[in-house]
Structure formats: structure tokens, C-alpha cells
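Biologist: Got a minute to walk me through this one? Pull it up and let's poke around.

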Amino acid sequence: RKDDKAGDGVSSDMAELRQYMDDHYAEDIDLTTLSNISSISRFHLVRKFRKETGSTPMEYLGKRRISEACSLLASTEMSISAIASSIGFSSSSYFSERFRKETGIPPTRFRNEARG
């Protein structure tokens, strides 16, 4: 494929990777997986993705998962552990830690505030 820039300044191969992460965020994705999909070495992949998007692939994936968690916390009665599991976290304590780091508040408080 050509390295054409998409409208947001991201090349087609990095846009494809981002789309893959958007579609498969709940799965176990690591740099090796992304490297195999894109046929780019892990090192080059991280450099290129960061240069074009402003974050590493794993940072992007983490933000994507937390974004989905916010939607689920605000709109469902799913437990914190069920949400953690459904978005690709292996433990609810690690999910809560990452959620707090990303949003500044714990998931339960986010849920309570989102519901007014």
C-alpha cells in the first residue's frame, strides 16, 4: 500500500493499525501483534505511530479502552470487574489503577458523577 496521508495527517498503514486497535481493543494486543499486522518492526512501528499520532500504539490502545470504559460506566449497570474484563483488562484492580491515572478519578466515582 501507498503511504498516502489520510485527512488527519496519518499514513494509511498507521490509520489501518489505529482502526485495528479500535475494532479489537478488548483483545490481547501487544507490539508483536501490531508489528505482524503492519509488517513493520516493533521499533519502527512505535516511532512512526508516535510521530504521526502523538502517542505510542500502547498509549493509544490504553486511551481507547478507558474511553470505552467511560461509556460503559455511564450507560450500563455492569460491574467494574465486568467492564474491566470486557475492554481487555485482566484484572479489575489494574483497570481501576489505569482508569484513575487517565481520568483523575476512580471508576465508581466516575459512574456516580456521570449519572448526576
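Modeller: Sure, and keep in mind that this is a predicted model. Let's start with Phe99: its relative accessibility is 0%, so Phe99 counts as buried, the cut-off being under 20%.

Biologist: Okay, which helix is Phe99 in?

Modeller: Phe99 sits in helix H6, which covers residues 92-103.

Biologist: And what is Phe99 in contact with, leaving aside its neighbours within four places in sequence?

Modeller: The list includes Ile66, Ala69, Cys70 and Leu73. Further along the chain numbering, Gly104, Ile105, Pro106, Pro107 and Phe110 are in contact with Phe99 too.

Biologist: How far apart in space are Phe99 and Glu68?

Modeller: C-alpha to C-alpha, Phe99 and Glu68 are 11 Å apart, with their positions 31 residues apart in sequence.

Biologist: Switching to Ser75, is that one buried or exposed?

Modeller: Ser75 is exposed, because its relative accessible area is 57% and the cut-off is over 50%. Ser75 lies in helix H4, residues 57-75.

Biologist: What does the side chain of Ser75 reach?

Modeller: The backbone oxygen of Ser71, at 2.6 Å.

Biologist: New topic: at what angle do H2 and H3 pack?

Modeller: About 90 degrees, with the axes of H2 (residues 31-38) and H3 (residues 42-53) 9 Å apart. That angle makes H2 roughly perpendicular to H3.

Biologist: Which residues meet there?

Modeller: From H2 you have Leu31, Thr32, Leu34, Ser35 and Ser38, and they meet Arg42, Leu45 and Val46 of H3. By type, that contact has four nonpolar, three polar and one charged residue.

Conventions: Residues numbered from 1 in each chain as written. Predicted model: local features only at pLDDT ≥ 70, side-chain atom pairs only at ≥ 80, totals over all residues. Heavy atoms only, no water. Axes fitted to C-alpha atoms, helices over the stretch in contact; angles between N-to-C directions. Helix = DSSP H or I, 4+ residues; strand = E, 2+ residues; numbered from the N terminus. Parallel < 35°, antiparallel > 145°, perpendicular 65-115°, else oblique. Contact = heavy atoms within 4.5 Å. Nonpolar A, V, L, I, M, F, W, Y, C, P; charged D, E, K, R; others polar. Buried < 20%, exposed > 50% of the residue type's maximum accessible area, 1.4 Å probe, protein only. Polar contact = N/O pair within 3.5 Å; in protein donor to acceptor, adjacent residues only side chain to side chain.
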